[in-house]
Amino acid sequence: MGIVEEAFSRLFPEAAFAYAVHLRYSGRFKPYNATVRKVGSSLYFNLSRSWKSTSEEIVIGLIQHLLVKILRKERFLAAARDNSGKTSSLNMQLYDDFIKGISEVAAVNNGNGSSDESLESSFARVNEKYFLGIADKPNLRWGLDSFRKLASYDYHTNTITVSNLFRDAPQQLLDYLMYHELLHKKLKFSSSGNGRAVHHSREFRALEQNFDGNDTIEDELNAFIRGMTFFRKRSIKNRTFSWRRLLLLR
Ligand SMILES: [Zn+2]
């Protein structure tokens with residue numbers, strides 16, 4: 001029995017396994033990443049190569065999470081839920097604990113030019129003020145010019161990414177994003193029903209309120225983003241305008 005079928009039958013002992021499995025390990029993925037696709041009755045699993053050297057019991061938990069996600073419409077899934085409406089297993093808990101654990105031990109690049117001064121000092125300020133100066137520094141990096149994803153914390157690589165739009169933002173805004181993401185690193189996540197992870201728990205929201213200026217920070221953030229959007233649109237419009245003028249001159 002393959003590892004996917006093993007994972008399936010532990011989770012759904014009553015159900016018949018009726019899938020063709022394609023399991024591939026890829027070196028192109030970020031560490032501990034994984035995806036699944038379903039085409040007809042075929043399941044395509046793509047796992048980061050780092051899973052190859054991980055304990056099989058944990059990989060089974062990973063595959064179970066992916067199975068719950070991809071098979072959410074199947075009838076046998078409802079039968080496997082416990083009283084609280086959760087689908088969970090010992091392996092899935094092992095997996096969750098493992099992911100929380102690797103964020104603690106993932107390598108952090110210290111001062112080899114990969115980090116950035118304003119992110120570094122934002123971390124230092126926030127750590128000092130809200131985490132008694134004892135928070136472990138994650139990897140810090142700028143992301144794309146994203147309006148939709150302002151910042152994120154990746155447990156797999158222990159990295160906080162901040163949208164490139166904030167490079168020249170007021171310090172307070174950058175610190176707020178930093179604080180939010182460091183809370184994710186600190187509190188990790190819990191599982192809810194449907195195998196989904198809860199990232200913004202009640203505890204998270206309560207701690208978020210501790211941020212200095214919390215009452216107005218959302219408005220400031222929105223105003224900043226509106227300003228950026230306006231600036232971007234205007235510069236695009238101007239470019240079109242001068243381009244037209246250029247055509248006329250010719
Ligand atoms: Zn968040």
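Is His 200 buried, partly exposed or exposed? In this predicted model, His 200 is partly exposed, its relative accessible area being 38%. The residue belongs to the zinc site, which is described below after the overall composition of the chain.

The protein chain contains eight helices and eight strands. It comprises 250 residues, of which 39% count as buried. Among contacts between residues at least 6 apart in sequence, 58% join residues at least 24 apart.

The zinc ion has three protein donors, namely the NE2 atoms of His 180, His 184 and His 200, at 2.0 to 2.1 Å from the ion. Along the chain these donors follow the spacing H-x3-H-x15-H. Distant parts of the chain are linked by the pair His 184 and His 200, which are 16 residues apart. His 184 is located in helix 6 (residues 171-187), whereas His 200 occupies the loop between strand 8 (197-198) and helix 7 (202-208). The two donors of this pair can also be described by their accessibility. His 184 has a relative accessibility of 6%, below the 20% limit, and therefore counts as buried. For His 200 the value of 38% lies between the limits of 20% and 50%, so that this residue is classed as partly exposed.

The packing of helix 2 (residues 56-70) was examined against helix 1 (residues 3-11) and helix 4 (residues 90-105). The axes of helix 1 and helix 2 come within 9 Å and cross at roughly 70 degrees. This angle falls in the range of 65 to 115 degrees, and the two helices are therefore roughly perpendicular to each other. On the side of helix 1, the contact involves Ile 3, Val 4, Glu 6, Ala 7, Phe 8, Arg 10 and Leu 11. These residues meet Glu 56, Glu 57, Val 59, Ile 60, Ile 63, Gln 64, Leu 67 and Val 68 of helix 2. By class, ten nonpolar, one polar and four charged residues make up the contact of helix 1 with helix 2.

Between helix 2 and helix 4, the axes come within 7 Å and cross at roughly 105 degrees. Helix 2 is thus roughly perpendicular to helix 4. The helix 2 residues in this contact are Glu 57, Ile 58, Ile 60, Gly 61, Leu 62, Gln 64, His 65 and Val 68, which meet Asn 91, Met 92, Leu 94, Tyr 95, Asp 96 and Phe 98 in helix 4. The contact of helix 2 with helix 4 has eight nonpolar, four polar and two charged residues.

Gln 64, a residue of helix 2, appears in the contact with helix 1 and in the contact with helix 4. Gln 64 is buried, with a relative accessible area of 0%. Apart from neighbours within four places in sequence, Gln 64 is in contact with Ala 7, Arg 10, Leu 11, Ser 89, Asn 91 and Met 92.

Three strands form an open sheet of mixed pairing, in the order 1-3-2. Strand 1 (20-26) and strand 2 (34-39) stand at the edges; each has a single partner strand, so one side of each is left without a neighbour in the sheet. Neighbouring strands of this sheet are turned against each other by 15 degrees on average, direction ignored. Strand 1 and strand 3 (residues 42-48) run parallel and are joined by seven bridges. Within strand 3, Ser 48 stands opposite Ser 26.

A further pairing is found between strand 5 (residues 151-154) and strand 6, which are antiparallel over four bridges. Here Tyr 153 stands opposite Ile 160 in strand 6. The hairpin has four residues between the strands, and Asn 158 takes a positive phi near 55 degrees in it.

Positive phi values are also found in loops. Leu 132, although not a glycine, has a positive phi of about 55 degrees. This residue is placed in the loop between helix 5 (117-130) and strand 4 (139-142) and is exposed, with a relative accessible area of 72%. Lys 188, likewise not a glycine, has a positive phi of about 55 degrees. Lys 188 lies in the loop between helix 6 and strand 7 (190-191) and counts as buried at 11% relative accessibility.

Asp 168 is situated in the loop between strand 6 (159-162) and helix 6. With a relative accessible area of 75%, Asp 168 is exposed. The C-alpha atoms of Asp 168 and Ser 118 are separated by 9.2 Å, the two residues being 50 residues apart along the chain.

Notes: Residues are numbered from 1 along each chain as its sequence is written. This is a predicted model: local features need pLDDT of at least 70, side-chain atom pairs count only at pLDDT 80 or more; totals for chains, interfaces and linings use all residues. Side-chain values use heavy atoms; hydrogens and water are left out. Axes are lines fitted to C-alpha atoms, for helices over the stretch in contact, and angles run from 0 to 180 degrees between N-to-C directions. Angles under 35 degrees count as roughly parallel, over 145 as roughly antiparallel, 65 to 115 as roughly perpendicular and the rest as oblique. Contact means heavy atoms within 4.5 Å. Ala, Val, Leu, Ile, Met, Phe, Trp, Tyr, Cys and Pro count as nonpolar, Asp, Glu, Lys and Arg as charged, and the others, Gly among them, as polar. Donors are N, O and S atoms within 2.8 Å of the metal (3.2 Å for Na, K and Ca); water is not among the atoms, so sites may look incomplete. Buried means under 20% relative accessible area, exposed over 50%, partly exposed in between (1.4 Å probe, protein chains only). Two strands pair if DSSP finds at least two bridges between them.
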